[in-house]
Amino acid sequence: MPNLTKHKKITIVLCCVLGAVIVILAVVWARFGYRAQSYSSTSYAMGTYIQQTVYGKEAQSAASAGSQAVTSLEDKISWRVQDSDIANLNDASGTVWKTLDSYTISLLQMSQKLAQQTDGAFDPTVLPLTSLWDFDGKKHVPTAAELKNALSHVGYQNLRLNTSDNTASLKMHYNGVDLGAVGKGAACDKVLEAYSKKNITAAVVAVGGSIGLYGNKPDNSGWSVAVRDPKTSDSDTGSVGTIALQGGQFVSTSGTYEKEFTANGKTYHHLLNPKTGMPQNNGLVSVTVVCKNGALSDALSTACYVLGKDKGTALAKSYGAETIYIDTAGNVTVSSGLKDSFQLTNTSSYRLAK
């Protein structure tokens with residue numbers, strides 16, 4: 001009997017210990033376990049792939065919400081989508097004002113301000129030119145007469161906005177807005193907004209040449225974003241270097257390699273100068289912009305490319321944005337705010353400019 005009592009006591013103690021361990025493990029899982037959960041997805045919208053990696057309890061749901069946010073934005077701001085805000089605005093050019101979604105108005109307002117600051121080096125009314133070149137379709141080298149005619153319909157001064165009632169108009173017939181230079185960055189903004197409504201800890205989304213970072217990774221380390229090597233192909237991309245960043249930051253790159261074609265022995269890229277109508281060839285191959293707004297980072301990367309290194313750097317600085325310029329000679333120019341966070345990894349083909 002004494003031995004049985006002793007065994008019972010041992011059994012009771014072991015059960016208590018085991019129960020305590022189970023409770024502790026359950027608490028640890030509830031608090032930290034889900035953080036290790038991650039979900040990756042790839043979808044397609046805006047003429048490009050949407051790549052997401054999300055960490056947290058609602059990772060899959062958040063990625064789904066992110067994809068839906070991009071599609072919803074495309075339906076609103078793409079001139080190619082029938083009945084989108086921009087399609088309706090373009091269809092009414094030279095006639096009546098149109099009521100648009102407040103977010104569309106905010107993108108137009110930001111684009112108009114940038115156009116004014118750059119004296120038209122960045123211009124949201126470039127649709128007559130982008131349609132003429134048709135880099136996403138037939139890829140046409142315009143004649144001088146075609147360019148002259150298209151240029152006569154380009155001019156941010158023809159875009160009129162009334163933010164008090166969210167209306168806009170295009171002054172003349174054949175004016176047209178193309179928000180392709182801000183759309184993918186704006187999509188990153190919308191995806192991060194969708195993430196904020198879900199129970200997740202961290203995420204990264206890439207929409208074409210724009211990237212949005214949300215939170216910090218499960219191990220509390222920052223994000224490392226690669227800057228693409230312009231000399232590599234889409235199917236075998238390499239990097240020039242990496243940037244160490246934190247959640248809440250956005251990265252956009254405009255590069256000549258993104259859309260280009262060769263005709264009669266000459267290569268033409270899609271980064272057009274709105275004043276000449278021709279691809280801007282100024283010795284640069286790409287510009288990367290880092291800031292805290294996706295749409296702005298996207299717009300600035302285009303504007304800084306067309307303006308060139310000196311004027312572009314000054315423009316980005318006025319917005320608190322940082323830049324990385326890569327030129328045809330392999331020189332990499334990094335603005336002061338990124339010097340400690342950028343690391344050049346491809347030292348055989350590129351060098352840091354002083």
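I50 has its place in strand β2, which covers residues 48-55, and this predicted model can be read outward from that residue. With a relative accessibility of 1%, I50 counts as buried, because buried means under 20%. Setting aside residues up to four places away in sequence, I50 touches S41, T42, S43, Y44, A45, V70, V205, A206 and V207. A separate comparison of distances concerns G208, which is 158 residues from I50 in sequence, while the two C-alpha atoms are 7.1 Å apart in space.

One of the residues touched by I50 is S41, and S41 is found in strand β1, residues 38-45. S41 also counts as buried, at 16% relative accessibility. Beyond its neighbours within four places in sequence, S41 is in contact with I50, Q51, Q52 and A63.

**The open sheet**

Strands β1 and β2 belong to an open sheet of 9 strands with mixed pairing, whose order is β1-β2-β6-β7-β10-β13-β14-β15-β17. At the edges stand β1 and β17 (351-352), and each has a single partner strand, so one side of each is left without a neighbour in the sheet.

Where in this order does β14 stand? Strand β14 stands between β13 and β15. Strand β13 (residues 284-291) runs antiparallel to β14 and is joined to it by 6 bridges, and within this pairing S286 has I326 of β14 as its bridge partner. On the other side, β14 (residues 322-327) and β15 (residues 331-334) also run antiparallel, joined by 3 bridges, and here I324 has V334 in β15 as its bridge partner. The strands β14 and β15 form a hairpin with 3 residues between them, and G330 in the turn has a positive phi of about 90°. Of the 6 residues of β14, 5 are buried, so this strand is largely enclosed by the rest of the structure.

**Strands around β5**

Strand β5 (residues 167-170) points T167 and S169 one way and A168 and L170 the other way, and all of these residues are buried. Strand β3 (residues 98-99) runs antiparallel to β5 and is joined to it by 2 bridges, with K98 opposite A168. Strand β4 (residues 159-162) likewise runs antiparallel to β5, joined by 4 bridges, and in this pairing L161 stands opposite A168. The hairpin of β4 and β5 has 4 residues between the strands, and N166 in that hairpin takes a positive phi near 55°.

**Two helices**

The table sets out the spans of helices α2 and α4.

| Helix | Residues | Number of residues | Span between end C-alpha atoms | Expected span |
|---|---|---|---|---|
| α2 | 59-77 | 19 residues | 27 Å | 27 Å |
| α4 | 102-117 | 16 residues | 23 Å | 22 Å |

For α4, the distance between the end C-alpha atoms agrees with the span expected at 1.5 Å a residue, and for α2 the reach is close to the expected one.

Which residues of α2 are buried? They are A59, A62, A63, A65, G66, S67, A69, V70, L73, E74 and I77, and what covers them includes β1, β2, α3 (85-91), α4 and α7 (180-195). In α4, the buried residues are Y103, T104, I105, L107, L108, M110, S111, Q112, L114 and A115. At the start of α4, a side-chain oxygen of D101 reaches to within 2.8 Å of the backbone nitrogen of Y103. After α4 comes D119, whose phi is positive, near 55°.

**Nonpolar cores and confidence**

The largest nonpolar core has 56 residues, and those with the most contacts inside it are V54, L89, L108, V177, L179, Y195 and V205. Helix α8 (residues 294-307) gives the most to this core, with 8 residues. Apart from this core lies another, of 21 residues, among them A202, L213, L245 and L338. Returning to L179, this residue touches I77, I86, L107, L108, S111 and P124, not counting residues up to four places away in sequence.

How confident is the predictor in this model? The mean pLDDT of the protein is 92, and 90% of its residues reach 70 or more. Over residues 21-35, however, the pLDDT is below 50, and this stretch has 9 contacts in the model beyond near neighbours in sequence.

Terms used
Residues are numbered from 1 along each chain as its sequence is written. This is a predicted model: local features need pLDDT of at least 70, side-chain atom pairs count only at pLDDT 80 or more; totals for chains, interfaces and linings use all residues. Side-chain values use heavy atoms; hydrogens and water are left out. Buried means under 20% relative accessible area, exposed over 50%, partly exposed in between (1.4 Å probe, protein chains only). Contact means heavy atoms within 4.5 Å. The expected span of a helix is 1.5 Å times one less than its number of residues. A polar contact is a pair of N or O atoms within 3.5 Å; within protein, one must be able to donate a hydrogen and the other to accept it, and residues adjacent in sequence count only if both atoms are side-chain atoms. Two strands pair if DSSP finds at least two bridges between them. A nonpolar core is a set of buried Ala, Val, Leu, Ile, Met, Phe, Trp, Tyr and Cys residues joined through side-chain atoms within 4.5 Å. pLDDT is the predictor's confidence in each residue, from 0 to 100.
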